[in-house]
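Please open the model in your viewer and keep the sequence panel visible beside it. The tour below moves from one selection to the next.

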Amino acid sequence: MDTFAEVMAWLKNHRPFGIKPGLERVEHLLEALGHPERRLLSVHIGGTNGKGSTLTYVQSILQASGFRVGTFTSPYIIQFEERISVNGTPIPQEDFISAARAVAPHAASLEKTEWGPPTEFEILTVIANWYFAKIAVPDIVLWEVGLGGRLDSTNVIQPILSAITNVGKDHMHILGSEITDIAKEKAGIIKPAVPVITASRDSEASAVIRACAREMHAPYYAFHEHFELIDGSMDEDGGTFSVGTPFHRYKDLRVFLRGEHQLENGALAVMIADYLRVYRSFPIDEQSLAEGLANAYWPGRLEKMQKSPLVLMDGAHNPEGVERLARYLAEVYPDRTLHILTAFTVEKDPSTMFAPLLSLHPESFIMTTFSHPRATDPAQVSLDAEVFYDWKNGYRELTRRASANDVILFAGSLYFISEVRRNFLGE
């Protein structure tokens, strides 16, 4: 493989292998590469919603404090390489090629084993470990769980801290239908004696996480038990809040990610940063923490793309995410006419997922599709919605209907939001 296009073609050839929960293939690859993951100082962040936002807050706080921060996230919004980044800069293509060359022969050898060939996500996880350890050498790496936790390929890392944002009903075809089953999978990232911080508010899920932490002898910090959000207030473009941790109180913090849930994500990020400050001697002062939160930017999450009519994009793709989105719209734009254009993947239940948005009585509700093998055919969905197979035509229709004071909302799969966003920005 001599070009980036060849590497992408190689990765795409592994996409049909889909999602294969299990760590054996990744562990084999890392062992063959000399265990690069053991050279990294890592924080592992899982949960149903808010993983990416929380990671972004922590990354921004650490960068403001002078650290070189590696991140592994999914899916991508702007460009594929952003999934593996350092200080927000995606892996250079020449380094991606070098990492792929190092991994490729070992990936090929797996095809002859009982485990079979690795998936695209597994290869990316290994490439990230190799790149961070061999080339980028960041001070710390923040890893976002891809799916679940226990059997997610990122669970091969050896973190100094784990975090679980929350637990909700998503990917139930893989993780289980009950909240306790899903919580067990999420809690699978908890390692022996490695502290875990959680913002879970569901009592059943929290009990599972607490029990797992106890079993692993892992110090446990929970939202409303050990740290708290104080005096939070939200406006159209973000929010202001204070956070109390067991170690300090941080006052009058500001974030510019929209929605009340971003205040909770911010509080979790503050707790993570404060733990690193106190127990790992990271020199994070109040000014750097506040600056980091205020500078955090995460595209595709209640992102404002246009003012008149107002165009918002949000990757709300599960019931909890859609409920939070609906709450934001009801609180911030209660008197505006709403037009919705949405697309999602085949494993979603639209009748359950979109109930909170439909309760807002939108003037328009259009279902569409996008370029992804798991995208749902909107005509096959038993929901009272207009269907446009080309989302651009659906958007043109909404711009024709909407007045200057209306709200046009793109919502659904992050793959869909990525495609729409690139088109909006001409990328």
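Select Gly-34 to begin: this residue, just after helix H2, takes a positive phi of about 85°. The model is a predicted one, in which local features need pLDDT of at least 70 and side-chain atom pairs count only at pLDDT 80 or more, while totals for chains, interfaces and linings use all residues. Residues are numbered from 1 along each chain as its sequence is written, and side-chain values use heavy atoms, with hydrogens and water left out.

Next, select H2 itself, residues 24-32, where Arg-25, Val-26, Leu-29 and Leu-30 are buried (under 20% relative accessible area with a 1.4 Å probe, protein chains only). These four lie on the same side of H2 because they cover an arc of only 130° around the axis, the arc being that of the directions from the helix axis to the C-beta atoms. Add helix H4 (93-110) and helix H5 (120-136), against which the buried residues of H2 pack.

Now colour domain 1 (4-295) and domain 2 (303-425) separately; these bounds come from an automatic or database domain assignment. Their C-alpha centres lie 27 Å apart, and the contact (heavy atoms within 4.5 Å) takes 21 residues from domain 1 and 20 residues from domain 2.

Finally, show Lys-304 and Asp-237, which form a salt bridge with their closest N and O atoms 3.2 Å apart; the term requires a side-chain nitrogen of Lys or Arg within 4 Å of a carboxyl oxygen of Asp or Glu. Between domain 1 and domain 2 the count is three salt bridges. On the side of domain 1 that touches domain 2, strand E9 (228-235) and helix H9 (261-279) are the elements that give two or more residues.

Notes
Buried means under 20% relative accessible area, exposed over 50%, partly exposed in between (1.4 Å probe, protein chains only).
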